[in-house]
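Student: Hi! I have a structure open and don't know where to begin. Can you walk me through it?
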Amino acid sequence: MKKKKICLISSSGGHFEQLLMLRELSKVYSTFIVTEKTKYNGQDKKIDYYVSQVNRKELLFIFKMLGIMFKSLYIYIKEKPDVIISTGVLAAIPMMFIGHMFGKKVIYIESFAKINSPTMTGNLIYKKKIANQFYVQWESMKEFYPNAIYKGGIY
């Protein structure tokens, strides 16, 4: 039987650090990691693919998101993941939408840093029902995401 292939995708920084907590999945499944390219992680051997770093307040936001969408589609077609797991945020949205559109399982884990308010990405993924499973790392977040799954933190 073929091993399931998992795409682990997130933005850089804290979201990426949380994503790395899931790398143990590579002992059971075939995994690959996608994150934003920064001046700090360009030579990181754990990372299989990079997308552009993006900030919603920058002038070229729309164009960068389009670039990320096309790069995510390329990665998706090349890797053919069965499952997409993300800890957010912006750079991961296109891959989650692509996976959802192709009927793949999408798992979203809301940021550990969010205790009393939701992220914009979390809101989008939750309200549009993009994720098959939506996890929160704090029980207090069920106030914003009533149907979310709470299992504690991934740390």
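Tutor: Happy to! Let's begin with a term: two strands pair if DSSP finds at least two bridges between them. Keep in mind that this is a predicted model.

Student: OK, so which residue in S3 stands opposite Thr35?
Tutor: Tyr50 in S3 stands opposite Thr35. Strand S2, residues 30-36, is joined to S3 by 3 bridges, and the two run parallel.

Student: And how many bridges join S1 to S2?
Tutor: There are 5 bridges between S1 and S2, and these strands run parallel too. One pair to look for is Leu8 with its bridge partner Ile33 in S2.

Student: What order do the strands take in the sheet?
Tutor: The order is S3-S2-S1-S4-S5-S6-S7, which gives an open sheet of 7 strands with parallel pairing. Strand S3 (49-51) and strand S7 (149-150) are at the edges with a single partner strand each, so one side of each has no neighbour in the sheet.

Student: Which helix packs on the sheet by S3?
Tutor: Helix H2, residues 61-79, packs there, touching S3 as well as strand S1 (5-10), S2 and strand S4 (83-88). The direction of H2 makes about 160° with that of S3.

Student: Back to S2 for a second. Why is S2 described as largely enclosed?
Tutor: Because 5 of its 7 residues are buried, S2 is largely enclosed by the rest of the structure.

Student: Let's talk about the inside. Which residues of the largest nonpolar core touch the most other members?
Tutor: Those are Val34, Met96 and Phe134, in a core of 31 residues. At least two core residues come from each of S1, S2, S3, H2, helix H3 (93-101), strand S5 (105-109), helix H4 (120-127) and strand S6 (133-136). H2 gives the most, with 5 residues.

Student: What does Phe134 touch, leaving aside neighbours within four places in sequence?
Tutor: Phe134 is in contact with Tyr108, Glu110, Gly122, Ile125, Tyr126, Tyr145, Ala148 and Ile149. Apart from the largest core there is another one, of 13 residues, including Ile33, Tyr50, Ile85 and Ile109.

Student: New topic: at what angle do H3 and H4 pack?
Tutor: The angle is about 10°, and their axes are 12 Å apart. Angles under 35 degrees count as roughly parallel, so H3 is roughly parallel to H4.

Student: Which residues meet there?
Tutor: From H3 you have Ile93, Met96 and Phe97, and they meet Thr121, Leu124 and Ile125 of H4. By type, the residues of this contact are 5 nonpolar, 1 polar and no charged.

Student: Which residues of H3 are buried?
Tutor: Ile93, Pro94, Met95, Met96, Ile98 and Gly99 are the buried residues of H3. Their cover includes S1, H2, S4, S5 and H4.

Student: Can we look at Ser86? Is Ser86 buried or exposed?
Tutor: Ser86 is buried, with a relative accessible area of 0%. You'll find Ser86 in strand S4. Beyond neighbours within four places in sequence, Ser86 is in contact with Ile9, Ser10, Ala92, Met96, Ile107, Tyr108 and Ile109. The C-alpha atoms of Ser86 and Ile107 are 6.4 Å apart, while in sequence these residues are 21 residues apart.

Student: What about Glu17, where is that found?
Tutor: Glu17 is in helix H1, residues 14-20. Glu17 has 42% relative accessibility, so it counts as partly exposed. Along the chain, Glu17 and Thr87 are 70 residues apart, yet 9.3 Å separates their C-alpha atoms.

Student: Last thing, backbone oddities. Which residues does a cis peptide bond join?
Tutor: A cis peptide bond joins Gly88 and Val89, with omega about -10°. Val89 lies in the loop between S4 and H3.

Student: And what is the phi of Lys80 near?
Tutor: Phi of Lys80 is near 50°, which is positive in a residue other than glycine. Lys80 lies in the loop between H2 and S4 and counts as exposed at 55% relative accessibility. Lys129, in the loop between H4 and S6, also has a positive phi, near 55°. Lys129 is exposed, with a relative accessible area of 62%.

Definitions and conventions:
Residues are numbered from 1 along each chain as its sequence is written. This is a predicted model: local features need pLDDT of at least 70, side-chain atom pairs count only at pLDDT 80 or more; totals for chains, interfaces and linings use all residues. Side-chain values use heavy atoms; hydrogens and water are left out. Helices (H or I, at least four residues) and strands (E, at least two) are DSSP runs, numbered from the N terminus. Contact means heavy atoms within 4.5 Å. Axes are lines fitted to C-alpha atoms, for helices over the stretch in contact, and angles run from 0 to 180 degrees between N-to-C directions. Buried means under 20% relative accessible area, exposed over 50%, partly exposed in between (1.4 Å probe, protein chains only). A nonpolar core is a set of buried Ala, Val, Leu, Ile, Met, Phe, Trp, Tyr and Cys residues joined through side-chain atoms within 4.5 Å. Angles under 35 degrees count as roughly parallel, over 145 as roughly antiparallel, 65 to 115 as roughly perpendicular and the rest as oblique. Ala, Val, Leu, Ile, Met, Phe, Trp, Tyr, Cys and Pro count as nonpolar, Asp, Glu, Lys and Arg as charged, and the others, Gly among them, as polar.
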